[in-house]
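User: I would like to learn how to read helix packing, burial and contacts from a single structure. Could you take me through some features in turn, with the general idea before the case at hand?

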Amino acid sequence: MSEVKSEFLREALRRGFFHQCTDLEGLDALLLEGPVTAYIGFDMTADSLHAGSLLPIMLLRLFQQTGNKPVVLMGGGTTKIGDPSGKDEARQLLSEEQIAANMAGIRSIFDKFLTFGDGPSDAVMVNNDDWLKGINYIEFLRDYGRHFSVNRMLSFDSVKLRLDREQPLTFLEFNYMILQAYDFLELNRRMGLRLQMGGSDQWGNIVNGVELGRRVDGAELFGLTNPLLTTASGAKMGKSAQGAIWLNEARLSSYDYWQYWRNTEDADVGRFLRLFTELPEAEVQRLESLPGAEINEAKKILATEATSLCRGAAAAKAAEETALKTFEQGALGDDLPTIEVARGELDAGLPAFELFRRAGLAASGGEARRLIKGGGARLNDEKISDEAQSITSADVSAEGVIKLSAGKKRHALVRPA
C-alpha cells in the first residue's frame, strides 16, 4: 500500500480504522484538495446503538477532526426493510412509530461524539425516509434497477452467507442493496457527498453505490470500510455475557459501561486504546507494554477515557471511583447498579435466583441458578450455596442495602422501597 498524504487517511491507517477502499490514491488526492463530505448509515432497530457501532462513530469523529464534514444517515426508510448483511435471518419489521421513537433515542448519542451545525465541517443528520418514501416503484425499477446484476449481487458475502446456510432471503431484503446504493446517489446529488464509509460487511452495498453514481450521473464516488471487530478471544464487539453494551445511559449504567472496558482482554488493550480513545500514540505504546498485572492500570485508563467520550467526564470519574471503592477498598461504591424492591416483598422473602435475575446479574432464572450452583454468587460478600435461599429484609446491611455479587467483578445493590 502506497503511503498516503492526507491527514484523515494517515490517522485512519495508524489507528486501525482502515480495511478496504475502492480507490485509495484517488480518495487521498480528493482529501488533499479540501474538505470532503462523507456518510455512514445507521438503521434504527432499537432506541440506542451499542458498542458494536462505536468504531464507525469514532471514524466519523476522526473524519470531522481532520477538517472534513460527516453526515449521519439515519435509515428511517431502509429500517422498514432490513439489511441482510451479516444476519442469519430476516429482521423483525418495525412500525413507523417505533422507528421514530428509536431515531429520537439514537440522536442524543451522536451529540457526544460530533459537533453539529451549519459550518463547513459541522456534522449533519439526515433521514433516508425523506426521499425513499416518495419513490414510484415502476419508475425506480426503470431508472435504477437495470443497473444491477443479480449475478453480481448473489456473489456478495452478505447474500452468500444466508444462501449457504439455507436461510431464507426475502425479496424485501434483496431490495435493500439497491436502496442503499440509491442513498449514496441521492446524497451526492443533494450535498455533493463523495464518500461512503461503513463496516466491512457493507462492502458490497458500498461498491453498488459507487458504481450506480458512475453509471447514472458520471459521478466519481468513493467507498471505505473499517474492519469488523472481535475481541482477542473471538467474542463479538459490543456484546457481553449479560447482553448488548448499550451507548445510552437509559439502557446501561455508566458504571456497567466503564466495567465493560475495564474487563478488556490483555491482548486487546493497545488496539482498543487506539480505536476508542484519543490518547497520543506514545502514551498508547507505553500503556500497552506494561508488564504483568500492571496492564490493569492501562485497562482503567481505557475505561475512563472511553466512558468520558460516551457519557461525559463526570460519569466516567464516578464510575472509576465506585470501582475503586468496591474492588480495592471493599466499600460500597456510590455508582453501583441499584434496584428497588418493595419492602413487603423483602419482608416475605425472595428466592436468591430471582433476586439475582431482577438485579441484572443473570439474564434468566436458569442462568441465576447455574451461577449459584457454580459457587459464583455472593450475598453481602458471603457465598450463597442454595439457589432457593430466601433473601429477606434481615439481609439489609447497615448501609441500607443488600449487596449481590456475581463473580469478583459484577455487583449490584438492592434497596428496600
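User: Which residues of H12 meet which residues of H13?

Analyst: A helix contact is read by listing the residues on each side. In this predicted model, Gly270, Leu273 and Arg274 of H12 meet Glu281, Val284, Gln285, Leu287 and Glu288 of H13. Sorted by class, the residues of this contact comprise 3 nonpolar, 2 polar and 3 charged. As background, an α-helix has 3.6 residues a turn, so residues three or four places apart point the same way.

User: At what angle do the axes of H12 and H13 cross?

Analyst: The angle is taken between the directions of the two helices. The axes of H12 and H13 cross at roughly 155° and come within 9 Å; because angles over 145 degrees count as roughly antiparallel, H12 is roughly antiparallel to H13. The crossing in which H12 passes H13 is right-handed.

User: How many residues of H12 are buried, and against what do they pack?

Analyst: Burial is read residue by residue and then set against the neighbouring elements. Helix H12, residues 269–276, is mostly covered, with 7 of its 8 residues buried, namely Val269, Gly270, Phe272, Leu273, Arg274, Leu275 and Phe276. The buried residues of H12 pack against H1 and H3, and also against helix H11 (254–262), helix H13 (281–288) and helix H14 (295–311).

User: Which residues have the most contacts inside the largest nonpolar core?

Analyst: The general idea is that, in soluble globular proteins, nonpolar side chains tend to be buried together. Here the largest nonpolar core has 74 residues, and those with the most contacts inside it are Met197, Trp261 and Phe276. The largest share of this core, 8 residues, is contributed by helix H3, which spans residues 54–65. Setting aside residues up to four places away in sequence, Phe276 touches Leu54, Leu55, Met58, Leu229, Met237, Trp261, Ala306 and Leu309. There is also a second, separate core of 28 residues, which includes Met153, Phe156, Ala181 and Phe184.

User: How do H3 and H4 pack, and which residues meet?

Analyst: The steps are those used for the earlier helix pair. The axes of H3 and helix H4 (residues 96–113) lie 10 Å apart, and the helices pack at an angle of about 45°, which makes H3 oblique to H4. Their crossing is right-handed. On the H3 side the contact involves Leu54, Ile57, Met58 and Arg61, and these meet Ile109, Phe110, Lys112 and Phe113 in H4. By class, this contact of H3 with H4 has 6 nonpolar, no polar and 2 charged residues.

User: Which residues of H2 are buried, and what comes just after that helix?

Analyst: For a helix, one can list its buried residues, find their partners, and then look at the backbone beyond its end. In helix H2 (residues 24–33), Leu24, Gly26, Leu27, Asp28, Leu30 and Leu31 are buried, and the buried residues of H2 pack against helix H1 (7–15), strand S1 (20–21), H3, strand S5 (195–199) and strand S6 (222–226). Just after H2, Gly34 has a positive phi of about 150°.

User: Is Thr231 buried or exposed, and which residues is it in contact with?

Analyst: Here the relative accessible area is compared with a cut-off. Thr231 has a relative accessible area of 13% and is therefore buried, since buried means under 20%. Thr231 sits in the loop between S6 and strand S7 (239–240), and, leaving aside neighbours within four places in sequence, Thr231 is in contact with Glu265, Asp268 and Arg271. The C-alpha atoms of Thr231 and Phe272 are separated by 9.6 Å, although these residues are 41 residues apart along the chain.

User: What are the relative accessibilities of Asp118 and Arg189?

Analyst: The reading again rests on accessible area. Asp118, in the loop between H4 and strand S4 (124–127), is exposed, with a relative accessible area of 83%. Arg189, in helix H9 (residues 171–191), counts as partly exposed at 40% relative accessibility. Not counting residues up to four places away in sequence, Arg189 touches Tyr144, Val216 and Asp217.

Key: Residues are numbered from 1 along each chain as its sequence is written. This is a predicted model: local features need pLDDT of at least 70, side-chain atom pairs count only at pLDDT 80 or more; totals for chains, interfaces and linings use all residues. Side-chain values use heavy atoms; hydrogens and water are left out. A nonpolar core is a set of buried Ala, Val, Leu, Ile, Met, Phe, Trp, Tyr and Cys residues joined through side-chain atoms within 4.5 Å. Buried means under 20% relative accessible area, exposed over 50%, partly exposed in between (1.4 Å probe, protein chains only). Helices (H or I, at least four residues) and strands (E, at least two) are DSSP runs, numbered from the N terminus. Contact means heavy atoms within 4.5 Å. Axes are lines fitted to C-alpha atoms, for helices over the stretch in contact, and angles run from 0 to 180 degrees between N-to-C directions. Angles under 35 degrees count as roughly parallel, over 145 as roughly antiparallel, 65 to 115 as roughly perpendicular and the rest as oblique. A crossing is left-handed if the near helix is turned anticlockwise from the far one by less than a right angle, and right-handed if clockwise. Ala, Val, Leu, Ile, Met, Phe, Trp, Tyr, Cys and Pro count as nonpolar, Asp, Glu, Lys and Arg as charged, and the others, Gly among them, as polar.
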